[in-house]
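Here is a friendly tour of one protein model, written with a computational chemist in mind. Have the coordinates open and follow along.

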Amino acid sequence: MAPLDIPPGVVTGDNLLKLFDHARANGYAIPAVNCSSSSTANACLEAAAKTNSPVILQVSQGGGAFIGGKALKDDKSYNISGAGSVALALHIRAVAPYYGVPVVVHSDHCAKKLLPWFDQMLEADAAYFAKFGEPLFSSHMLDLSEESDEENIAICVEYFKKMAPMKIFLEMEIGITGGEEDGVNNENVDPEKLYTTPEQVYSVYQALSKISPMFSVAAAFGNVHGVYKPGNVVLSPEKLGQHQAYTKKQIGSSQDKPIYLVMHGGSGSTEAEIKEAVKNGVVKMNIDTDTQWAYWDGLRAFELKNRDYLQGQIGNPKGADKPNKSYYDPRKFIRAAEESMAARVVQAMERLGTTGMCGAGYSSVVATSPKPKAWGFLESASSSESPSPVLVAAVGALVGFAIAKMV
């Protein structure tokens with residue numbers, strides 16, 4: 001099997017479809033890690049470069065709000081969430097080419113009440129597309145699983161028609177992932193809703209395939225956000241194979257796995273469950289809870305190891321007048337957190353089979369790499385053009401200015 005030949009940096013459009021086709025054909029899934037800072041994004045990029053793996057970096061509405069600044073009130077317009085999400089995408093755009101691997105920039109669960117946040121990201125995509133011929137984000141997710149199937153699919157169709165001309169990939173969810181994540185609580189949902197039927201998946205395929213092939217389905221098979229004791233969660237990844245077989249029969253496809261599938265609630269899953277899901281066409285697996293713990297665990301271990309040097313600015317076991325700046329410098333303990341998180345992402349890549357699949361890794365990254373496209377917005381902001389308020393705020397965040405309230 002030849003490694004995938006895709007240019008390093010952010011992947012969109014035809015190259016993104018090529019990446020998912022390669023994953024589906026060769027039996028691996030790409031880890032999708034929730035990022036809430038440039039630090040967590042860099043940790044994921046580091047893991048991808050070390051393993052020569054593709055990676056998906058995704059931002060949630062809550063993550064976007066955090067990046068935008070928790071001191072700012074995010075009302076129902078979700079301006080701060082939009083600005084923060086765009087800021088993270090621009091950061092990834094700026095640095096991803098230097099890691100030498102394909103990177104997918106994705107937005108995570110968007111419920112109906114969060115559509116204003118989604119709209120702002122699409123606005124940024126359109127502005128980026130107008131300047132560079134590709135969207136800012138590679139893909140977005142609509143999670144309307146709380147609505148009726150009819151409304152869920154109808155809204156997805158409405159938005160997918162806006163996304164398709166820019167070749168933005170759409171992920172949608174039908175059926176409900178249990179547990180709690182980012183303020184969305186499905187811990188008490190009807191157990192039957194945790195298992196999507198083949199007919200539901202086919203109804204999605206029927207509606208979206210008429211618009212573009214660039215979509216995936218997060219079909220529920222008992223998966224749950226968070227980590228639970230063994231035996232408390234009953235996964236049925238074999239159901240994913242049933243979805244593929246049903247759609248294959250309905251459309252008369254020559255492909256055994258005609259649908260791109262996504263696995264949510266991947267933290268804490270067994271290797272056997274993951275392998276079964278990937279075998280049945282999962283090309284993307286979300287990871288959040290485990291990587292959150294890994295980031296904290298790196299910080300925890302740093303504090304434990306250096307506790308005697310973190311009790312004051314001056315004074316430690318080496319002397320009462322010895323300075324401790326080299327220990328409490330944020331770059332030191334944040335770096336420890338990054339290293340721990342990167343190690344957990346490497347583990348995920350090994351389990352999902354992405355190691356060595358594409359990208360040349362650190363060895364091919366040179367300082368003379370072309371200037372990343374993200375800088376184009378800085379040039380635009382200083383010209384006579386009038387960029388979107390969301391983009392102005394995001395660029396301001398990148399260069400150190402405060403995010404202003406947008407109109």
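The text below goes from the whole chain to a central strand, then to charged side chains.

**Ground rules.** This is a predicted model, in which local features need pLDDT of at least 70 and side-chain atom pairs count only at pLDDT 80 or more, while totals for chains, interfaces and linings use all residues. Residues are numbered from 1 along each chain as its sequence is written, and side-chain values use heavy atoms, with hydrogens and water left out.

**The whole chain.** The protein chain holds 14 helices and 13 strands; these are DSSP runs numbered from the N terminus, with helices (H or I) of at least four residues and strands (E) of at least two. Of its 407 residues, 55% are buried. Here buried means under 20% relative accessible area, exposed means over 50%, and partly exposed lies in between (1.4 Å probe, protein chains only). The accessible surface of the chain comes to about 17,700 Å², and carbon and sulfur atoms account for 55% of that; the areas come from the Shrake-Rupley method with a 1.4 Å probe, and for residues only the protein chains shown count as cover. Take the contacts (heavy atoms within 4.5 Å) between residues at least 6 apart in sequence: 72% of them join residues at least 24 apart.

**Strand S11.** Six of the six residues of strand S11 (residues 282-287) are buried, so the strand is largely enclosed by the rest of the structure. Strand S2 (residues 30-34) runs parallel to S11 and is joined to it by four bridges; two strands pair if DSSP finds at least two bridges between them. Val33 has Ile287 in S11 as its bridge partner. Strand S10 (residues 261-263) is also parallel to S11, with three bridges joining the two, and here Leu261 has Val282 as its bridge partner.

**Salt bridges.** Side chains of opposite charge can pair when their charged atoms come close. With a salt bridge taken as a side-chain nitrogen of Lys or Arg within 4 Å of a carboxyl oxygen of Asp or Glu, a search of the whole structure finds 15 of them. Among them are these:

| Pair | Closest N to O distance |
|---|---|
| Glu276 and Lys279 | 3.4 Å |
| Arg344 and Asp290 | 2.8 Å |
| Asp329 and Arg331 | 2.8 Å |

Glu276 and Lys279 both sit in helix H9, three residues or about one turn apart. Glu276 is partly exposed at 23% relative accessible area, and Lys279 is exposed at 53%.

What does the salt bridge between Arg344 and Asp290 tie together? Arg344 lies in helix H12 (residues 330-352) and Asp290 in helix H10 (residues 289-305), so the pair links parts that are 54 residues apart in sequence. Both Arg344 and Asp290 are buried.

For the pair of Asp329 and Arg331, Asp329 is buried at 13% relative accessible area, whereas Arg331 is exposed at 64%. Elsewhere, salt bridges with shared partners join Glu46, Lys50, Arg335, Glu338 and Glu339 into one network.

**A buried charge without a salt bridge.** Glu273 is placed in helix H9 (residues 271-279). Which side chain of opposite charge is nearest to Glu273? The answer is Arg351, 7.2 Å away, and Glu273 is buried yet has no salt bridge. For this purpose Lys and Arg count as positive and Asp and Glu as negative, with His and the chain ends not counted. The side chain of Glu273 does reach the backbone nitrogen of Thr270, at 3.0 Å. Not counting residues up to four places away in sequence, Glu273 touches Leu235 and Pro237.

Conventions:
Polar contact = N/O pair within 3.5 Å; in protein donor to acceptor, adjacent residues only side chain to side chain.
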